[in-house]
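Me: I would like to learn how to read a helical model feature by feature, with the general idea before each case. Could we begin with a single side chain and work outward from there?

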Amino acid sequence: MTREELIVLCENYNMEDKERFVEIVKRFIEIYENAPRLLANELEVAPLAVHRWASGHSTPLKRFRREFVRVIKRKLEEM
């Protein structure tokens with residue numbers, strides 16, 4: 001998946017869709033190798049939490065997922 005495709009995926013994100021959230025986090029990590037640390041710092045969570053989201057083992061509450069996707073989208077646009 002390209003950076004541009006991931007931005008579109010973020011723009012069309014529905015906070016009810018856990019699988020899409022997992023895919024967005026996973027793809028962001030694939031594109032940006034320092035993503036877990038970057039997201040952890042930006043979102044004030046542990047890097048391990050970001051890895052759990054990417055693997056689908058857990059996800060944050062849906063009201064937080066929307067904000068996290070916004071952060072990912074912003075970071076992609078800054079790249």
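Me: Is Lys 75 buried or exposed?

Reply: In this predicted model, Lys 75 counts as buried because its relative accessibility is 15%, and the cut-off for that class is under 20%. Lys 75 has its place in helix H5, and, once residues up to four places away in sequence are left aside, Lys 75 touches Phe 28, Leu 38 and Glu 42.

Me: How should I read a charged side chain of this kind, and with which residue does Lys 75 form a salt bridge?

Reply: The general idea is that side chains of opposite charge can pair when their charged atoms come close. Here Lys 75 forms a salt bridge with Glu 42, and the closest N and O atoms are 3.4 Å apart. Because Glu 42 lies in helix H3 and Lys 75 in helix H5 (residues 62-78), this pair ties together parts that are 33 residues apart in sequence. The two partners fall into separate accessibility classes, since Glu 42 counts as partly exposed at 34%, whereas Lys 75 is buried at 15%.

Me: Where else in H5 do side chains meet in a salt bridge?

Reply: The side chains of Glu 78 and Arg 74 meet in one, with an N to O distance of 3.7 Å. These two residues are four apart in helix H5, so about one helical turn separates Glu 78 from Arg 74. Glu 78 is exposed, with a relative accessible area of 53%, while Arg 74 is partly exposed, with 33%. Salt bridges that share partners join Glu 42, Arg 74, Lys 75 and Glu 78 into one network, so this pair should be read along with the one that links H3 and H5.

Me: How many salt bridges does a search of the whole structure find, and which residue meets Arg 27 in one of them?

Reply: The search of the whole structure finds eleven, and in one of them the side chain of Arg 27 meets that of Glu 23, at 4.0 Å from N to O. Because Arg 27 and Glu 23 are four residues apart in helix H2, about one helical turn separates them. Arg 27 counts as partly exposed at 26% relative accessibility, and Glu 23 also counts as partly exposed, at 28%.

Me: Turning to a residue without charge, which residues does Ile 24 touch?

Reply: A useful habit is to take location, accessibility and contacts together. Ile 24 is found in helix H2 and is buried, with a relative accessible area of 0%. Not counting residues up to four places away in sequence, Ile 24 touches Leu 6, Leu 9, Cys 10, Tyr 13, Val 69 and Ile 72. For Cys 10, the separation from Ile 24 is 14 residues in sequence and 7.1 Å in space, C-alpha to C-alpha.

Me: How do H2 and H4 pack, and at what angle?

Reply: For a pair of helices, one reads the angle, the axis distance, the handedness and the residues in contact. Helix H2 (residues 18-31) and helix H4 (residues 47-55) pack at an angle of about 115°, their axes being 7 Å apart, and their crossing is left-handed. On the H2 side, Phe 21, Val 22, Val 25, Lys 26 and Ile 29 make the contact, and on the H4 side Val 50, Trp 53 and Ala 54 do. These contact residues comprise seven nonpolar, no polar and one charged.

Me: In which hand does H3 pass H4, and which residues meet there?

Reply: The crossing of H3 past H4 is right-handed, with axes that come within 8 Å and cross at roughly 115°. Pro 36, Leu 39, Ala 40 and Leu 43 in H3 meet Pro 47, Val 50, His 51 and Trp 53 in H4. This contact divides into seven nonpolar residues, one polar and no charged.

Me: What is notable about the backbone of Glu 44, and where is its place?

Reply: Glu 44 has a positive phi of about 60° although it is not a glycine. The place of Glu 44 is in the loop between H3 and H4, and Glu 44 counts as exposed because its relative accessibility is 73%.

Me: Finally, where in the protein is confidence lowest, and where is it highest?

Reply: As a general caution, where pLDDT is low, the predicted coordinates should not be read in detail. Here the protein averages a pLDDT of 91, and 100% of the residues score at least 70. Confidence is lowest in helix H3 (residues 35-43), with a mean of 90, and highest in helix H1 (residues 3-11), at 94.

Key:
Residues are numbered from 1 along each chain as its sequence is written. This is a predicted model: local features need pLDDT of at least 70, side-chain atom pairs count only at pLDDT 80 or more; totals for chains, interfaces and linings use all residues. Side-chain values use heavy atoms; hydrogens and water are left out. pLDDT is the predictor's confidence in each residue, from 0 to 100. Axes are lines fitted to C-alpha atoms, for helices over the stretch in contact, and angles run from 0 to 180 degrees between N-to-C directions. A crossing is left-handed if the near helix is turned anticlockwise from the far one by less than a right angle, and right-handed if clockwise. Contact means heavy atoms within 4.5 Å. Ala, Val, Leu, Ile, Met, Phe, Trp, Tyr, Cys and Pro count as nonpolar, Asp, Glu, Lys and Arg as charged, and the others, Gly among them, as polar. Buried means under 20% relative accessible area, exposed over 50%, partly exposed in between (1.4 Å probe, protein chains only).
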